[in-house]
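Me: I've got a structure open and I keep tripping over the labels people put on it. Can we go through them and check each one against its cut-off?

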Amino acid sequence: MPLRCVFCGTRTDRSERRICSGCCRDLPWIENACARCAEPLAIDLPRGVLCAACQARPSPIQTTVAPLLYEFPVDAGLKALKFGRRLHYAPAFGDILVAQMPRLPANIDALLPVPLHWQRQAFRGFNQALELCKPLASQWSLPIMTGIARRRATPFQSGLAASQRRKNLRRAFVVRKMPRFQHVLIVDDVVTTGETTRQLAMALIRHGVKKVSVLAVARAA
Ligand SMILES: [Zn+2]
Ligand SMILES: [Zn+2]
């Protein structure tokens, strides 16, 4: 079966994989972003300089890479994946993540898909972050961590103020198995405020992980 572009349906050759070169070029790529939080920036900061928010607040995260804006057609594709069970979007976005790996520190030794609460995962039937991790795991020969659970579902998160989100997320993750990794890469579909990944990173660091970085498909502005 020849592959078809997930966005326009055009047949793609093998090298183009699941997104044709035309659609790939037209995706809302972020040109300049803060290296710590992936916040899009109007200018390219000198190496090692962080955005104002990151300078003001310490973070347990070393590097965040999120190459695309959470805008059409990326938002539509990610929603189709999560809520419409259009699972063919996962390897398409996964290919984009695979190509971003050289931008991340070379000493990453494990992948951690952001866990869903078991009830939500049972309802959805899969965890989109795990599906996004699979091409990364095979192409970069990295293990996928297990043994971390989400303590409770956090519904309506997107409608809450930042302080309330933080409160909801505090201790939201429970580490059931001691991780034996040095630098863990958290993988998610979209980073919004970064609070979920921050809480997950703090849980990992409390359990002996030295460094945590984040890779997501998209950054919501
Ligand atoms: Zn296309
Ligand atoms: Zn920042």
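**Labels and the values behind them**

Reply: Let's start with alanine 38, which has 23 other C-beta atoms within 10 Å and is therefore buried. The cut-off for that label is 20 or more. Bear in mind that this is a predicted model.

Me: What is the phi of alanine 38, and where does the residue sit?

Reply: Its phi is positive, about 65°, although alanine 38 is not a glycine. The residue sits in the loop between α1 (21–26) and α2 (52–56).

Me: Why does serine 141 count as exposed?

Reply: Serine 141 has 7 C-beta neighbours inside 10 Å, and exposed takes 12 or fewer, so the label fits. Serine 141 comes just after α6, in the loop between α6 and β4 (148–150). This residue also has a positive phi, about 50°, without being a glycine.

Me: And what makes threonine 193 partly exposed?

Reply: Its count is 16 C-beta neighbours inside 10 Å. Buried needs 20 or more and exposed 12 or fewer, so threonine 193 ends up as partly exposed. You'll find threonine 193 in the loop between β6 (183–191) and α8. Its C-alpha is 7.9 Å from that of alanine 220, and those two residues are 27 apart along the chain.

Me: On to helix pairs. Why is α3 called oblique to α4?

Reply: Helix α3 (residues 74–83) and helix α4 (residues 89–100) pack at an angle of about 130°, with axes 9 Å apart. Roughly perpendicular runs from 65 to 115 degrees and roughly antiparallel starts over 145, so α3 is oblique to α4. The crossing is left-handed.

Me: Which residues meet where α3 packs on α4, and how do they divide by class?

Reply: From α3 you have Gly77, Ala80 and Leu81, and from α4 Tyr89, Ala90 and Phe93. They divide into 5 nonpolar, 1 polar and no charged. Glycine counts as polar in this scheme.

Me: What makes α4 oblique to α6?

Reply: Here the angle is about 50°, and the axes are 8 Å apart. Roughly parallel means under 35 degrees and roughly perpendicular begins at 65, so α4 is oblique to α6. The crossing of α4 and α6 is right-handed.

Me: Which residues make up that contact between α4 and α6?

Reply: On the α4 side they are Ala90, Pro91, Phe93, Gly94, Asp95, Leu97 and Val98, and on the α6 side Gln128, Glu131, Leu132, Lys134, Pro135, Leu136 and Gln139. By class, that's 8 nonpolar, 3 polar and 3 charged residues.

Me: How do you know that leucine 97 is buried?

Reply: Leucine 97, in helix α4, has 24 other C-beta atoms within 10 Å. The threshold is 20, so leucine 97 is buried. Setting aside neighbours within four places in sequence, it touches Leu132, Pro135, Leu136, Leu215 and Val217. Its C-alpha is also 10 Å from that of alanine 218, although the two are 121 residues apart along the chain.

Me: What else is buried in α4, and what covers those residues?

Reply: Besides Leu97, the buried residues of α4 are Tyr89, Ala90, Ala92, Phe93, Gly94 and Ile96. Their cover includes α3, α6 (128–139) and β7 (211–219).

Me: Which residues of α6 are buried, and what do they pack against?

Reply: In α6 they are Gln128, Ala129, Leu130, Glu131, Leu132, Cys133 and Leu136. These pack against α3, α4, β3 (110–113), β6 and β7.

Me: How do you know that the length of helix α8 agrees with what is expected?

Reply: Helix α8 (residues 195–206) has 12 residues, and at 1.5 Å a residue they should span 16 Å. Its end C-alpha atoms are 16 Å apart, so the two agree. Helix α4 also has 12 residues and reaches 17 Å, close to the expected 16 Å.

Me: What is buried in α8, and what follows the helix?

Reply: Thr196, Thr197, Arg198, Leu200, Ala201 and Leu204 are buried. Glycine 208 follows α8, with a positive phi near 100°.

Me: One more: what makes the bond between phenylalanine 72 and proline 73 stand out as cis?

Reply: Its omega is about 0°, and the peptide bond is cis. Proline 73 is in the loop between β2 (68–69) and α3.

Conventions
Residues numbered from 1 in each chain as written. Chains lettered and ligands numbered in written order. Predicted model: local features only at pLDDT ≥ 70, side-chain atom pairs only at ≥ 80, totals over all residues. Axes fitted to C-alpha atoms, helices over the stretch in contact; angles between N-to-C directions. Helix = DSSP H or I, 4+ residues; strand = E, 2+ residues; numbered from the N terminus. Left-handed = near helix turned anticlockwise from the far one by under 90°. Contact = placed C-beta atoms within 7 Å. Expected span 1.5 Å × (residues − 1).
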